[in-house]
Amino acid sequence: MAEFNNRNFNGRKRVNAPHLRDVSKGVYTPPPVEKKVKKKKRKKRNLRLNKQDRFMVLGGGLLLVILIAIITIFSRNAYDVTVSGKSVGVIKKTNIEVSDIKNTVVAGLEQQAGSKIELNEEIGLKPVRASKKDMVTVDYAISKIKEVVTYKVEASVITVDGKEVAVLSNKAEAEKILEDIKSEYIPEDKKDKMEASFVEEVQIVSKYVDSKEISKPEVVKDMFVQTTKVQKQYTVDSGDTVSKIAGLYSMTLDELYAENQGLTTNIHKGQVVNVLVDKPMLSVKTAETNVFTEIAKKQVKYQTDTSKPSSYQKVIQQGSDGQKEVTVQTIRINGFEEDEVIISEKIIQDPVDEIIEVGRR
């Protein structure tokens with residue numbers, strides 16, 4: 001009977017369903033219709049969320065692709081090498097700096113010029129986007145820079161009283177010219193006795209100049225030794241004559257008289273006469289030092305003897321001259337004597353005083 005109760009009227013096995021009415025208990029449980037509806041709604045919501053996720057993933061991927069494309073198109077992968085703003089070539093972007101390129105260019109040009117140089121233009125690197133086919137090598141860019149840049153070379157400038165008068169390639173050339181000019185006023189046999197300098201303030205300064213400004217050494221030397229006639233004064237010494245003075249300064253008598261109105265052949269010691277001399281751009285002052293041996297004259301001293309008559313005189317000690325060493329410096333300007341100065345005197349043999357006794361009665 002129990003087994004029969006568990007089967008329905010079709011003979012099928014009965015399934016206990018919680019929604020069936022339980023007659024014995026007098027309780028009715030409604031079917032879970034709402035629960036089935038809720039499950040269906042969850043599934044639909046999940047499907048909706050999955051579609052949104054897929055859309056966001058696809059959109060993000062597309063955005064990333066677009067971003068990569070923009071970066072690829074607009075990123076700077078090269079440098080445009082410029083000289084004063086003008087392009088000479090595009091090179092691949094690396095860690096190279098402007099100073100590296102400039103130093104390489106300067107080193108190469110200095111080797112060609114044989115001296116230090118200073119570029120007139122500015123070298124620059126401008127970040128750009130370029131294809132590989134449009135790029136050149138760094139060496140090629142440097143070669144193009146060398147072709148277009150201009151530069152100044154380091155030179156030695158000779159200044160006279162602060163004014164620039166000559167430009168030479170280097171200091172050695174300038175020094176040699178100045179030494180050659182001074183040596184012309186120093187005779188070979190007096191090199192150990194004479195010193196030479198310039199009357200003017202002469203300096204050699206370093207300066208970057210256009211290579212066209214540099215002169216050849218022989219041209220500069222000729223310029224320095226060229227002379228002009230200038231007037232100076234001469235003080236007449238003993239034995240001088242107008243002819244002697246004119247000959248001393250390579251003048252004719254007519255030229256001497258023309259420079260001295262009222263001058264006659266009757267001249268005297270101490271008289272001042274105008275003469276003409278050849279003055280080069282650089283005047284050389286020489287100081288010749290000579291040592292002479294001269295007599296150190298003896299002194300005569302008198303002793304009186306009141307017991308002797310005034311007519312009495314007797315040498316009681318015979319005196320003798322000594323010797324002294326005198327150092328004299330002769331100053332000349334462009335070969336003409338200007339002054340003579342005694343530098344020192346030194347007694348090398350003492351003189352002996354002569355003593356004379358005289359009467360005074």
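# A tour from the pocket outwards

Start by selecting β11 (227-235) and β17, since each of these strands supplies at least two residues of the lining of the largest pocket. You are looking at a predicted model, so treat this as a walk through a prediction. The pocket itself has a volume of about 400 Å³. Of the 13 residues that line the pocket, pick out Tyr 234, Thr 235, Tyr 249, Glu 337 and Glu 338, which are the closest to its centre. Where is empty space left? Rolling a probe the size of a water molecule over the atoms shows this.

**Stop two: the whole chain**

Now zoom out and colour by secondary structure. You should find eight helices and 18 strands in the chain. Of its 361 residues, 26% count as buried. If you switch on the surface, the accessible area comes to about 25,800 Å², and 51% of that belongs to carbon and sulfur atoms. Contacts tell another part of the story: among those between residues at least 6 apart in sequence, 73% join residues at least 24 apart.

**Stop three: the sheet with four strands**

Return to β17 and select β9, β13 and β16 with it. Together they form an open sheet in the order β9-β13-β16-β17, with antiparallel pairing. Which strands stand at the edges? They are β9 (194-198) and β17 (336-349); each has a single partner strand, so one side of each is left without a neighbour in the sheet. Neighbouring strands here are turned by 20 degrees against each other on average, ignoring direction.

Next, highlight β13 (residues 284-296) and β16 (residues 322-333), an antiparallel pair joined over twelve bridges. For one example of residues facing each other, show Lys 285 and its opposite in β16, Ile 333. Then add helix α5 (residues 171-183), which packs on this sheet and touches β9 and β13. The direction of α5 makes about 125 degrees with that of β9.

**Stop four: the sheet with three strands**

Select β3, β4 and β6. These strands form an open sheet in the order β4-β3-β6, and the pairing is antiparallel. Why is one side of β4 (86-92) and of β6 (123-128) left without a neighbour in the sheet? Both stand at the edges and each has a single partner strand, so the other side has no neighbour there. On average, neighbouring strands of this sheet are turned by 30 degrees against each other, direction ignored.

Look at β3 (residues 78-83) beside β6: the two pair in the antiparallel sense over six bridges. Click on Val 81 and you will find its bridge partner in β6, Leu 125. Helix α4 (residues 138-148) packs on this sheet and touches β3, β4 and β6, while its direction makes about 165 degrees with that of β4.

**Last stop: a hairpin and a buried valine**

Finish with β7 (residues 151-160) and β8 (residues 163-168), which pair in the antiparallel sense over five bridges. Thr 159 has Glu 164 in β8 as its bridge partner. Two residues lie between the strands of this hairpin, and Asp 161 takes a positive phi near 55 degrees.

Now select Val 157, which sits in strand β7. Is Val 157 buried or exposed? With 1% relative accessibility, Val 157 counts as buried, because buried means under 20%. Leaving out residues up to four places away in sequence, Val 157 touches Glu 164, Ala 166, Val 167, Gln 203, Ile 204, Val 205 and Lys 207. Try the distance tool on Gln 203: it lies 46 residues from Val 157 along the chain, and their C-alpha atoms are separated by 8.1 Å.

Definitions and conventions
Residues numbered from 1 in each chain as written. Predicted model: local features only at pLDDT ≥ 70, side-chain atom pairs only at ≥ 80, totals over all residues. Heavy atoms only, no water. Pairing = 2+ DSSP bridges. Axes fitted to C-alpha atoms, helices over the stretch in contact; angles between N-to-C directions. Contact = heavy atoms within 4.5 Å. Buried < 20%, exposed > 50% of the residue type's maximum accessible area, 1.4 Å probe, protein only. Areas by Shrake-Rupley, 256 points an atom, 1.4 Å probe, with all protein chains shown as cover. 1 Å grid on protein atoms, 1.4 Å probe; cavity = no way out; pocket = protein on both sides within 12 Å on 5 of 7 lines; lining within 4 Å. Points joined across faces, edges and corners; volume = space filled by probe spheres on them.
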